[in-house]
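Trainee: I have not looked at this structure before. Could you show me how to read it?

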Amino acid sequence: MERILFGDNQFFAVNHISDEKSRAQSIKFKEDKTILDTIDIARDLGTETFMCTTHDRIINICEMVRQDPEKYKNFSILPCMPYAHKYANAVTELGIVGTIQQYVPGNFFGTMFKGGLAVMSKDYISIMELMVDAEMKMFKKINTPVIFLQNVVTDLLLGLGMKDILKAYHDYVIKKYNVEPGFITMNMPKLLAMLESVGIENPIICSSINKAGFRMSGGMEIYEKTLREKQVRAIAMQVLGGGAIPARDALEYVCNLPNVSSILFGASSKQNIAQTISLIHEFDEKKK
Amino acid sequence: MIKVALIGAGKMGISHLSILGAHPDVEIVGVADTSKMVNDVLEKYSGFKTFTDYKKMLDAVKPDAVFVAIPTKFHADFVEELLNRNIHLFVEKPFCLKYEQSEKLSAIAKEKKLINQVGYHNKFIGTFDEVKRIISGGHIGNIQHFLGEAYGPVVLKKKQDTWRSDPEEGGGCLMDYASHVIDLLNHIVAPINTVHGSLLKPIYSNKVEDAVYALLETETKISGVLSVNWSEETYRKMSTSITVIGSEGKIISDASELRVYFKSAKCPTGYSKGWNVKYVTDLTEQVDFYLRGEEYSAQIDYFIKAIKGEVPNNKNTFESAAKTDKVISLIKNKKNNA
């Protein structure tokens with residue numbers, strides 16, 4: 001995994017502190033080409049990995065990448081699935097069963113639910129597998145070295161104690177795609193304990209890690225202790241703490257933590273992208 | 001450990017269940033839902049006892065507290081039964097279809113001294129909490145006018161009918177979206193008791209409104225405007241905001257950003273004359289388990305703490321939710337200036 005990963009929140013109007021900034025981002029990144037141009041800026045600065053949610057607009061970005069294989073030969077995408085709002089809106093409207101019927105390919109569910117037949121455990125796992133495949137379609141022929149489960153799903157399963165489904169997701173990504181499974185969470189220490197309990201060793205876990213303690217559920221201390229004492233390949237996201245910490249302080253903190261393999265960041269301007277990358281390099285150099 | 005059961009494992013119910021599952025003081029003793037498939041998954045993968053009949057569940061598992069997350073039209077009957085069994089209750093919003101039912105249930109809960117809370121999670125958001133603090137402290141002076149808004153992309157085309165599109169079952173933008181804003185205005189400004197006019201407009205739906213616009217007045221004679229639309233595709237998700245204009249200043253706040261203007265230097269600590277901006281990140285307390293916003297975890301934690309007697313049962317009570325239901329009914333009665 002690369003040390004620095006380029007994220008996608010800025011492209012899809014995800015801003016944790018301001019709706020107004022969100023709107024400004026929507027306007028700026030109205031065209032897919034502008035998104036790819038910004039990814040290219042990050043690539044030119046040495047960050048060849050783009051981590052993104054399986055948003056509909058990524059379909060087109062992937063298409064543009066496929067059209068220029070030479071230019072993007074070192075480029076890879078880390079998909080994060082599912083794009084939760086799509087399903088959340090569907091559940092509001094169609095209910096849980098209706099949503100599965102709408103989004104899971106194949107028609108055997110329709111007959112199964114309507115007939116009220118008993119569903120076997122393996123069928124639930126195959127629903128999950130079909131949904132993974134459906135989300136992965138857009139990345140055909142693109143290098144995807146890690147496939148992530150989005151935090152809203154990871155954490156839902158975590159709270160419900162559904163460790164076997166997390167394990168099944170993990171195993172399926174390896175079996176079907178021969179790449180590494182990853183998990184995004186807002187509850188890193190709890191998730192790591194659950195993954196270890198089903199025999200998953202040294203997992204890739206992406207979570208908020210920042211000097212402000214923002215979205216580090218249970219408190220920073222338990223996160224820092226977990227990073228010091230456990231085996232985990234951590235990816236730090238929300239390193240600026242939702243904008244609460246100046247970039248220099250923020251990056252110095254995460255660069256110096258043990259077991260943080262990668263740092264995920266998003267930015268819209270060339271200046272901010274360049275500054276973040278150079279600060280990470282600077283603090284990594286000092287550590288050596 | 002508090003023994004908790006859930007009735008209704010839909011979107012909100014499952015979300016509550018996950019947060020409860022991670023809560024250190026909670027033991028989940030049962031789940032009741034009418035979907036065999038949902039029950040089956042919860043039994044197989046979470047190990048919860050599930051039931052299709054909620055009364056059978058209550059008899060079997062004897063919970064201390066129950067979360068009710070079923071369509072609003074069932075609330076009145078279910079909640080009365082649960083109160084009669086002396087169970088503490090967390091009920092999803094809106095509380096009841098008729099405010100008379102809400103008032104009656106509130107009175108029973110009070111008399112039986114049962115902890116009662118409704119899921120208006122905005123009151124657990126740091127920015128809105130701060131707005132309440134600034135206004136209650138009199139820092140923007142006498143309030144003259146308010147604006148409450150909510151927009152989001154729920155219904156963006158003509159679609160098949162579900163209970164959400166049936167006004168008799170608690171569907172529509174007024175019950176679903178506008179109730180949040182009304183509840184917040186009641187809490188932050190003052191209880192609304194007059195509706196001077198309202199427009200309930202369908203945009204894509206056949207039977208229910210997709211937008212609500214109303215002219216309101218509080219019992220303290222403050223005027224205000226309500227503007228809510230759930231067929232607004234320029235929003236990525238629901239966005240709720242309030243503007244409050246006072247003699248000494250003005251506040252504009254949504255769930256992430258609070259902007260406040262003070263006319264003079266007579267303002268609370270941490271603020272100064274002119275415009276001030278605060279972000280929810282500075283106003284939010286850490287939670288132990290995060291699923292989809294600190295407020296969802298915080299409201300559940302508050303409910304559990306109230307049962308344990310660690311906090312007063314004074315946030316989002318049945319009584320406050322009944323006042324919200326009353327405003328909803330006033331808006332309906334004034335519909336299109338009837």
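Mentor: We will go through the chains, then a contact between chains, then sheets and domains.

Mentor: This is a predicted model: local features need pLDDT of at least 70, side-chain atom pairs count only at pLDDT 80 or more, and totals for chains, interfaces and linings use all residues. Residues are numbered from 1 along each chain as its sequence is written, while chains are lettered from A and ligands numbered from 1 in the order in which they are written.

Trainee: How many helices and strands are there in chain B?

Mentor: Helices (H or I, at least four residues) and strands (E, at least two) are DSSP runs, numbered from the N terminus. Chain B has 10 helices and 14 strands. For chain A the secondary structure comes to 12 helices and 8 strands.

Trainee: What is the radius of gyration of each chain?

Mentor: The radius of gyration is taken over C-alpha atoms, and the globule rule is 2.2 Å times the number of residues to the power 0.38. Chain A has 19 Å, close to the 19 Å that the rule gives for 288 residues, so chain A is as compact as a globular protein of that length. For chain B, a compact globule of 338 residues would come near 20 Å, and the value of 20 Å agrees. Along the principal axes, the C-alpha trace spans about 65 × 45 × 35 Å in chain A and about 60 × 45 × 40 Å in chain B.

Trainee: What percentage of the residues in each chain is buried?

Mentor: A residue is buried if 20 or more other C-beta atoms lie within 10 Å of its own, exposed if 12 or fewer, and partly exposed in between, with C-beta atoms placed from the backbone. By that count 54% of the 338 residues of chain B are buried. In chain A buried residues make up 41% of 288.

Trainee: And contacts: how many residues does each chain give where chain B touches chain A?

Mentor: Two residues are in contact if their C-beta atoms, placed from the backbone, lie within 7 Å. Chain B gives 39 residues and chain A gives 41 residues. On the chain B side, helix 1 (11–21), helix 2 (36–46) and helix 8 (280–283) are the elements that give two or more residues. Helix 2 of chain B gives the most, with 8 residues. For the classes, Ala, Val, Leu, Ile, Met, Phe, Trp, Tyr, Cys and Pro count as nonpolar, Asp, Glu, Lys and Arg as charged, and the others, Gly among them, as polar. The chain B side has 15 nonpolar, 11 polar and 13 charged residues.

Trainee: Is helix 1 of chain B mostly covered or mostly open?

Mentor: Mostly covered: 10 of the 11 residues of helix 1 of chain B are buried. Among them are B:Met12, B:Ile14, B:His16 and B:Leu20. The buried residues of this helix pack against helix 7 (151–160) of chain A, and within chain B against strand 1 (2–7), strand 2 (26–32), strand 4 (65–68) and helix 9 (294–307).

Trainee: In what order do the strands of the open sheet in chain B come?

Mentor: Two strands pair if DSSP finds at least two bridges between them. In chain B, 6 strands form an open sheet in the order 3-2-1-4-5-6, with parallel pairing. Strand 3 (50–51) and strand 6 (116–118) of chain B are the edge strands, each pairing on one side only. Inside the order, strand 1 and strand 4 of chain B pair in the parallel sense over 4 bridges. One bridge partner to look for is B:Ala65 in strand 4, which goes with B:Val4.

Trainee: Which strands does strand 7 of chain B pair with?

Mentor: Strand 7 (residues 143–151) of chain B pairs with strand 11 (residues 239–246) in the antiparallel sense over 8 bridges. There, B:Ala150 stands opposite B:Thr240. Strand 7 of chain B is also joined by 7 bridges to strand 10 (residues 223–229), and these two run parallel. B:Tyr151 has B:Asn229 as its bridge partner in strand 10 of chain B.

Trainee: Where do the domains of chain B begin and end?

Mentor: Domain bounds come from an automatic or database domain assignment. For chain B that assignment gives domain 1 (2–121) and domain 2 (122–286 + 315–333). Their C-alpha centres lie 27 Å apart. In the contact, 19 residues of domain 1 of chain B meet 23 residues of domain 2 of chain B. On the domain 1 side, helix 5 (99–111) and strand 6 of chain B each supply at least two residues. Helix 5 of chain B has the largest share, 6 residues.
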